[in-house]
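Welcome, and please load the model in your viewer. We will go from stop to stop, with something to select at each one.

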Amino acid sequence: MKLLVLGGSVFLSQAVAAEAVRRGHDVTCANRGSSGSVPDGARLVVWDRREPAPDALTGPSYDAVVDVARMPSWVRGAVAALPDAHWVFVSTINVYADESTPGGRPGTLPLREPIVDDVDLSVDPEAYGPMKVACEQAVRDGAASWTVVRPGLIVGPGDPTGRFTYWPARMADAAHPEVLAPGRPDDRTQVIDVRDLAAWIVTVAEARTGGDYDGVGEVLAMREVLEQVAAGCGSDVELTWVPQEVLAEQGVEPWAGPGAVPLWLPRPEYDGMCAHDPEPSYAAGLVLRPLADTARDTLAWLRATPGATVTGIGREREAEVLAAWRESAR
Ligand SMILES: NC(=O)c1ccc[n+]([C@@H]2O[C@H](COP(=O)([O-])OP(=O)(O)OC[C@H]3O[C@@H](n4cnc5c(N)ncnc54)[C@H](OP(=O)(O)O)[C@@H]3O)[C@@H](O)[C@H]2O)c1
């Protein structure tokens, strides 16, 4: 297959290009050349998508294109330039307007209203999901055939966001064996290893699989997630579960950021966000590795990569919140 990856130098799109090269495909990546390198065996065409596509890109024909863009005008332009390929558009579960209903899948959950103009996400991050809705529609309107893949939280080696990475780093910190576990042990959550998602994206490109899919992993209880991460990191930790009311009172942030306990989401508002039904994606060829393997490999990557990002509350703050919980539970 002749595959064009729009991106190819960061986390997911780089993993897609690497997997396609590994399978023997002829891989071209297009990006500005500023964020990282493309995998060995892939060729780079330098392109800033705010400019028209260069002839070096539009001259050859491709069997499939994988695009990770967020800006609707970029997707409209690229689809118009390369309409004959099978398009695999990487969207997001943030396209769904309903984040509270568990077990959703494409077709069962309403979508957000599209935003068709480009919005600076550093100014308005809330435009992300609505712009992805518009990007998806541009692909459906313009491409000969297409797969839309809507990932949930993507994790694993190379993650530039540091969200899931917090947990392997935390579990491996033997000097602080009491670990703050957020919310209730039975709260559901869901992540997908970047390598499993990338492999599946190459598979649907090869098969020209049509339709919309969620790119999500198994739905697990938070307790199983934390236990699997600890097992993968060879850690012997004690989990202390702190209810969400206490976390909120203490000013702990959900989901992501320096003041957050990552993966924690307020309930029941977000009961559905990390509990999508993965069955349609399994039926379309998605294969998952155990989460313990993802945690092990993420920790190894973190240790081997100076400057790799980890985000989440620090140990001192965690100890303060644990102390406050003990005090309030007396
Ligand atoms: N991380 C998650 O948990 C998560 C969850 C749901 C969905 N997603 C989706 O998954 C995808 C992640 O993709 P990713 O990991 O490859 O990272 P990304 O940040 O979406 O894409 C980065 C790639 O785009 C290129 N790029 C950026 N600006 C460009 C420009 N002006 N012109 C040409 N190329 C440009 C970058 O190279 P240069 O900078 O060198 O140009 C790089 O190769 C996205 O679609 C995201 O929305 C992520």
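**First stop: Ala-30**

Select Ala-30, and you will find yourself in strand 2, which covers residues 26-31. Keep in mind during the tour that this is a predicted model.

Is Ala-30 buried or exposed? Switch on a surface to look: Ala-30 has a relative accessible area of 3%, so it is buried, the cut-off being under 20%.

Now show what surrounds Ala-30. Leaving out residues up to four places away in sequence, Ala-30 touches Leu-4, Val-5, Leu-6 and Gly-7, and also Val-45, Trp-47 and Leu-57. Add Leu-44 to the selection and draw a C-alpha to C-alpha distance: Leu-44 and Ala-30 are 5.8 Å apart in space, with their positions 14 residues apart in sequence.

**Second stop: the two domains**

Zoom out and colour by domain. Domain 1 takes in 2-156 + 191-215, while domain 2 takes in 166-189 + 220-274 + 290-329. Their C-alpha centres lie 30 Å apart. To the contact, domain 1 gives 11 residues and domain 2 gives 13 residues.

How much area do domain 1 and domain 2 bury between them? The figure is about 990 Å², and 62% of it is on carbon and sulfur atoms. On the domain 1 side, select Glu-99, Leu-153 and Val-191: these lose the most area to domain 2, together 44% of what that side buries.

**Third stop: across the boundary**

Next, pick Asp-297 and Arg-195 and show their side chains. The two meet in a salt bridge, at 2.8 Å from N to O. Between domain 1 and domain 2 the count is 1 salt bridge, and there are 5 residue pairs in polar contact, with both residues at pLDDT 80 or more.

Show the cartoon on the side of domain 1 that touches domain 2. The elements giving two or more residues to this side are strand 7 (153-155) and strand 10 (191-193). Colour the residues of this side by type, and they divide into 5 nonpolar, 3 polar and 3 charged.

**Last stop: Thr-189**

Finish by selecting Thr-189, in strand 9 (residues 188-189). With a relative accessible area of 2%, Thr-189 is buried. Which residues is Thr-189 in contact with, leaving aside its neighbours within four places in sequence? Display Glu-218, Val-219, Leu-220, Met-222 and Val-225, then add Leu-263 and Cys-274, and you have the contacts of Thr-189 on screen.

Note on methods. Residues are numbered from 1 along each chain as its sequence is written. This is a predicted model: local features need pLDDT of at least 70, side-chain atom pairs count only at pLDDT 80 or more; totals for chains, interfaces and linings use all residues. Side-chain values use heavy atoms; hydrogens and water are left out. Helices (H or I, at least four residues) and strands (E, at least two) are DSSP runs, numbered from the N terminus. Buried means under 20% relative accessible area, exposed over 50%, partly exposed in between (1.4 Å probe, protein chains only). Contact means heavy atoms within 4.5 Å. Domain bounds come from an automatic or database domain assignment. Buried area is the accessible area (1.4 Å probe) that two parts lose on being put together, summed over both. A salt bridge is a side-chain nitrogen of Lys or Arg within 4 Å of a carboxyl oxygen of Asp or Glu. A polar contact is a pair of N or O atoms within 3.5 Å; within protein, one must be able to donate a hydrogen and the other to accept it, and residues adjacent in sequence count only if both atoms are side-chain atoms. Ala, Val, Leu, Ile, Met, Phe, Trp, Tyr, Cys and Pro count as nonpolar, Asp, Glu, Lys and Arg as charged, and the others, Gly among them, as polar.
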